[in-house]
Amino acid sequence: MIDEKEQYLRTEFWILSVGAAFQRANVYQHATDRRKSHFRKELFEYLNELSDQYRNGSIIEDDHIDYIDKVRNKAKSIADQHGIELTDNKFRFGIAQKLLNLYLKYLWCAGFIKEPPHFPVDRIIIQSLKIVPFTNWTELDSKKEYLHIISAAKQEANGQNLAQWELETYKRR
């Protein structure tokens with residue numbers, strides 16, 4: 001059961017996560033503010049349901065990757081229901097991972113869930129890993145590309161849990 005304080009923080013974390021995942025990603029091609037609001041509300045409800053799976057720390061990497069894909073598919077479905085045109089008529093894997101991973105990072109740091117298996121992949125992390133060829137996270141559109149970055153992070157983390165490694169590595173400019 002989520003109490004009022006947790007719900008308040010989840011809402012704030014959601015706002016921050018959407019801002020970070022959507023701000024440079026050119027998610028919408030055509031959508032009214034009202035439709036965007038409904039889209040975000042339904043997606044928030046879905047992510048809250050998913051995040052409950054992370055409370056006890058039993059989510060393994062393969063499940064987590066499947067959840068990212070489910071977020072991508074759910075976002076596309078919600079957009080279609082609300083008559084929202086997404087750019088290139090899709091919700092990219094990179095946007096879905098950033099949205100889910102960042103939301104989970106906030107929940108983990110607040111103590112609402114156990115440590116998630118991954119971290120939000122973004123420009124700062126990709127650059128710090130010196131991945132060649134460089135792929136912008138907003139353009140990631142496959143599990144393969146995402147897993148290439150995760151693999152590089154695992155090498156860099158040298159056995160440390162990835163979420164903890166990213167927390168220590170990530171530095172705001």
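The pLDDT is the predictor's confidence in each residue, on a scale from 0 to 100. I begin there, colleagues, because the structure before you is a predicted model. Across the protein the mean pLDDT is 92, and 98% of the residues reach at least 70. Confidence is lowest in strand β1, residues 28–30, where the mean is 85. Helix α4 stands at the other end, with the highest confidence, at 97. As a general caution, where pLDDT is low, the predicted coordinates should not be read in detail.

Let me turn to the largest pocket. Its volume is about 540 Å³. Of the 20 residues that line this pocket, the closest to the centre are Gln 23, Arg 24, Lys 98, Asp 122 and Tyr 170. Which helices each supply at least two residues of the lining? They are α1, spanning 4–22, α4, spanning 93–109, and α5, spanning 123–129. Helix α4 gives the most, with 4 residues. In terms of chemistry, the lining of the largest pocket comprises 8 nonpolar, 4 polar and 8 charged residues.

Helix α4 also holds a residue I should like to examine separately, Asn 101. Is Asn 101 buried or exposed? The relative accessibility of Asn 101 is 1%, and the residue therefore counts as buried, since the cut-off for that class is under 20%. What does the side chain of Asn 101 reach at 3.0 Å? The partner is the backbone oxygen of Phe 119. In addition, the side chains of Asn 101 and Tyr 146 are joined by a polar contact of 3.1 Å. Leaving aside residues up to four places away in sequence, Asn 101 touches His 64, Ile 68, His 118, Phe 119, Pro 120 and Tyr 146. Phe 119 and Tyr 146 thus appear both in this list and in the two side-chain interactions just described.

My last residue is Ser 51, which lies in helix α2, residues 33–51. With a relative accessible area of 0%, Ser 51 is buried. Which residues does Ser 51 touch, not counting those up to four places away in sequence? The contacts are with Arg 10, Tyr 103, Leu 104, Leu 107 and Ile 113. How far apart in space are Ser 51 and Ser 151, C-alpha to C-alpha? The distance is 24 Å, for a separation of 100 residues in sequence.

To close, I would leave you with two buried residues, Asn 101 at 1% relative accessibility and Ser 51 at 0% relative accessible area, and with a largest pocket to which helix α4 gives the most lining residues.

Technical notes: Residues numbered from 1 in each chain as written. Predicted model: local features only at pLDDT ≥ 70, side-chain atom pairs only at ≥ 80, totals over all residues. Heavy atoms only, no water. 1 Å grid on protein atoms, 1.4 Å probe; cavity = no way out; pocket = protein on both sides within 12 Å on 5 of 7 lines; lining within 4 Å. Points joined across faces, edges and corners; volume = space filled by probe spheres on them. Nonpolar A, V, L, I, M, F, W, Y, C, P; charged D, E, K, R; others polar. Buried < 20%, exposed > 50% of the residue type's maximum accessible area, 1.4 Å probe, protein only. Polar contact = N/O pair within 3.5 Å; in protein donor to acceptor, adjacent residues only side chain to side chain. Contact = heavy atoms within 4.5 Å.
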